[in-house]
Every structure is written in C-alpha cells, then in structure tokens.
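Please open the structure in your viewer and keep a selection panel at hand. The tour below goes from one selection to the next and says what is there at each stop.

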Amino acid sequence: MSKFHLGWFLGPGITVQGWNAPAYAPSYDWTKPDIFQDGARALERACFDFLILEDTSAVPYTYQGSMDYYLKTATFTPKLDPAVLTPYLLMATKHIGIANTLTTTFYPPWLLARQMATLDHYSDGRMGWNIVTATSDAAAQNFGYDKQFEHDQRYDMADEYLDLVKQLWEAWEPDAVVMDPTTHTFIDPTKVRAVNFQGKYYKSRGPLNVPRSPQTRPLYIAPGGSPRGRKFSGRNAEVVLAGGDSIEAMKEYRDEVHDHARALDRDTGKIKVMFICAPMITRDRQAAEEYKSNLPKMRAQKLEKNLASMSFLSGIDFSKFDLDTPLPEIKTNGMQTLLRTFKDAGPKATLRDIGTRAEGWDLIGTAEDCASQMQEAMEEIGGDGFLVTGPLMPRYVTSVVEELVPVLQRRGLTRRNYSHPHLRDNVMAF
C-alpha cells in the first residue's frame, strides 16, 4: 500500500502536560516553552508532517454551574496562547509544520491573515491553521457577546471568513517586492491591490501590509463531525481532523467529506482525512491484555472529568442528570459531535454509559501489533493518515517516536524524510 501521513494533535493545548497521569513529569515547567520544543524536536526526528496546537478561549463554568471543578482539576484550563509559543517551536525545528488553532468566530480576519502570513515567512513555509468556529457561550462572553452564534451560522460565517482571508493573502503578487535601487522602487505598486471585500458577515478594505508568504496561505486543517462541519471540510479543508470509533465509522466520515468536495468540483486527492488515535504501546501482548482488562476501571475513574468536559463542550450541566437513568433527547448549540455520540449509544444509554465509553478507536499492543492495525485500517478506509493525540509527556512521546514509528517506517508506511521545504507540499506528496 502507499504511505500515509502522521500528525500530532496536542489535545490538552498549551497547558500542563499529563496532569495527574502516571507518567506526569513534574520536572518540566509547563509555563516555559522547553517541554513543547523537546516534543516538537522528537516528532521531527520521526518525520511527523505537523504538530497541531489545540486551544480554547475560556475558563469553563458549565459543570455544577461553577469554574471550581475545571480549575481544581486543570480541565480545559489553564491554557497559554499557542500563537505566542509558535515562534519558539519554529526556532527549535527545521522541517515539521506547526498548526495554530484560531477561531473564525471571534478573531478579526485581517489580524489573523497578517499573523499567519508573518509566521509563514518566519517558518519558511511551515505554517498550518486549525480552523475552528468555537462552541461555548463562555468563549463568546469573553469577546463581548451574550451567547454563542447558532451552530450552522458559525459555519456560514467561517465559509465567508475564508473567502476574505484568501483574498487578503493573494492581494500581493509573488514578485511585488522588487527592491530595485536603480529605480528607487522597493515594492511595485502595480502588483499590490486593495481587496474591498464586503460580505454578509465581514468587510475589509485590504490589502495586508505583509508581502505574500512562501505558501501564500497556511495549510487548512478543519475538525468538525457534524453534518455542517463535514460540509465545511469538503468545501475548504486540506487536512480533516476526523474521529471514529471503528474502521466503518472512519470510512463513512472520509466518504462523506469526499462527496461534499466532489459536489464542488474539488480534487479529493488534495484532501487528507486523518484520524485521531492514541496508541498505547506495550512491551508484549500479555501487557496489552492486562491494560485492556483495566480499561473499564480507568474509564470509571475519569467519569466526572468526562462529564465536566461534555458540559463545557455542549453548554449543558450534566451534573444535574441522574447517572443511571436513560438520557432524554439532548439538544445543544455547542459541539454537535456529542449529539451523534448520544444517538449512537442508543435510546437506553445512561449518562454513566456515555461517560465511561471507549474514547475513539482502541489502539493497544506492541509496536508491531499497533502498526499492523494502522496498516489494516488505512487499507480498508483508503487513506490518508493518523493524528496521534495526547500530551507531550516525554515517556509517551518516546513510545510513539522510538518504538511505533520505526516499525511503520520499516514497512514503508510513513515517511523517512521531508521531501519538500513547505508544509503543504509535504502533506500533498502522497
């Protein structure tokens, strides 16, 4: 089979890495860039395509109607700004792409376009953008709104947002900067144009005051499991951050995104649907079976944390529900993927059932066994790769990059080197 891609989704964001986990490394100061730089270097040695820096814009208060649980347990908070960390990661690496999470709903388009163009220059073309619309009322209130915009409207806004920033990034011709001393011309005025964009949601004169960057625009990465989110990915994404707790669900996800793309005459070969996974590498198969046997206990211990997370993402306080009574119909303006989770669990599912469910696709075993599972999944799904998710705890990163990845490379499944200087070209190389 052909190669597939690897990325890392830094699920906890720029925060303490692995708090209260068995492999937590308290010797690292999470408020400094060192642990993130070390992680990025390790991923680059393993030839990961990119590292996505997750982010949210609020201290949650949904669960139990208070910030207390989130603060006490470091759930979704604290979080430092990934855009500020990015230059430190770029200085520590030479090839791996770095993708910032920035929301279209609250970030001014011109400001985002300028920031990303600047970082693409500084990185020599290694920037990606994880495009999110934000979900919570808490985030909306931090930006001066009473509540979040309606779910599908957020994606309508995001479609228009991308139309605008694309024009801002393309307002400078590639050869606009001439720096010709004989004519005393630094920039050719005929090669920079105003945009004068006016849409339903956004308006901007343009142009940027940053010349066209090496990639022109960052690599577009888009999550979103809702029907509207998948349609957005089909229209815009170059990399789709996808979920799925089975190979069948993953294939259905990829096929649906491709259907949306084909309806818009997009080349589906230029859309890489990459699936979240959290490989647990064990020393042998017996250890893998022991780990699997402990999963119900471990999931039960995480029940309250999962309830608090679902509360924040949905805007519904699940502390008010009986844990062992079948859930009523749930409606939310927050993350619609949760509604699919509730529906898939069945009409008799309780909150305890959902809060202790398997979190995605189980990938547990020796490096050889996990590599075989990944290979079989890609053969069945049709591509395009995996996004390892989790904190950058040194022990966990080492298990992936020094045990799993070498097996994948020996089998010819993942890259051994970066064939291009720019992120987009590496992602589209196969």
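The stops that follow begin with the barrel, move to two helices and their cysteines, and end at a single aspartate.

Before selecting anything, note that this is a predicted model, in which local features need pLDDT of at least 70 and side-chain atom pairs count only at pLDDT 80 or more, while totals for chains, interfaces and linings use all residues. Residues are numbered from 1 along each chain as its sequence is written, and side-chain values use heavy atoms, with hydrogens and water left out.

**The barrel**

Start with the strands, which, like the helices, are DSSP runs numbered from the N terminus (H or I over at least four residues for a helix, E over at least two for a strand). Eight of these strands form a closed barrel in the order 1-2-3-4-9-10-11-14, with parallel pairing, and the twist from one strand to the next averages 25°, taken between N-to-C directions of lines fitted to C-alpha atoms, on a scale from 0 to 180 degrees. Two strands count as paired if DSSP finds at least two bridges between them.

Now select strand 2, residues 50–53, where Phe50 and Ile52 point one way and Leu51 and Leu53 the other, all of them buried; buried means under 20% relative accessible area, exposed means over 50%, and partly exposed lies in between (1.4 Å probe, protein chains only). On one side, strand 2 pairs with strand 1 in the parallel sense over four bridges, and Trp8 stands opposite Leu51. Strand 2 is also joined by four bridges to strand 3 (residues 97–103), again running parallel, with Ala99 as the bridge partner of Ile52.

Further along the chain, select strand 9 (residues 219–222) and strand 10 (residues 239–242), which run parallel and are joined by two bridges; here Ile221 has Val239 as its bridge partner.

**Helix 14**

Select residues 394–410 next. The end C-alpha atoms of this 17-residue helix are 23 Å apart, which agrees with the 24 Å expected at 1.5 Å a residue, the expected span being 1.5 Å times one less than the number of residues. At Leu404, shortly before the proline Pro406, there is a kink of about 30°, where the bend is the angle between axes fitted to the seven residues ending at a position and the seven starting there.

What do the buried residues of helix 14 pack against? They pack against strand 1 (5–10), helix 1 (34–45), strand 12 (280–281), helix 13 (367–381) and strand 14 (385–389), with contact meaning heavy atoms within 4.5 Å. Among these buried residues are Tyr396, Val400, Leu404 and Leu408. After the helix comes Gly412, whose phi is positive, near 75°.

**Helix 13 and the cysteines**

Moving to helix 13, the buried residues include Ala367, Cys370, Met374 and Ile381, and the helix is followed by Gly382, with a positive phi near 105°. Select Cys370 together with Cys277: at 0% relative accessibility Cys370 counts as buried, as does Cys277 at 2%. The sulfur of Cys277 has its closest cysteine sulfur in Cys370, at 8.8 Å, which is too far for a bond. A search of the whole structure finds zero disulfides, a disulfide being a pair of cysteine sulfur atoms within 2.5 Å.

**Asp156**

Finally, select Asp156 in helix 6 (residues 151–169), which at 36% relative accessibility counts as partly exposed. Leaving aside residues up to four places away in sequence, Asp156 touches Tyr201 and Arg228. Tyr201 is 45 residues from Asp156 along the chain, and their C-alpha atoms are separated by 9.0 Å.
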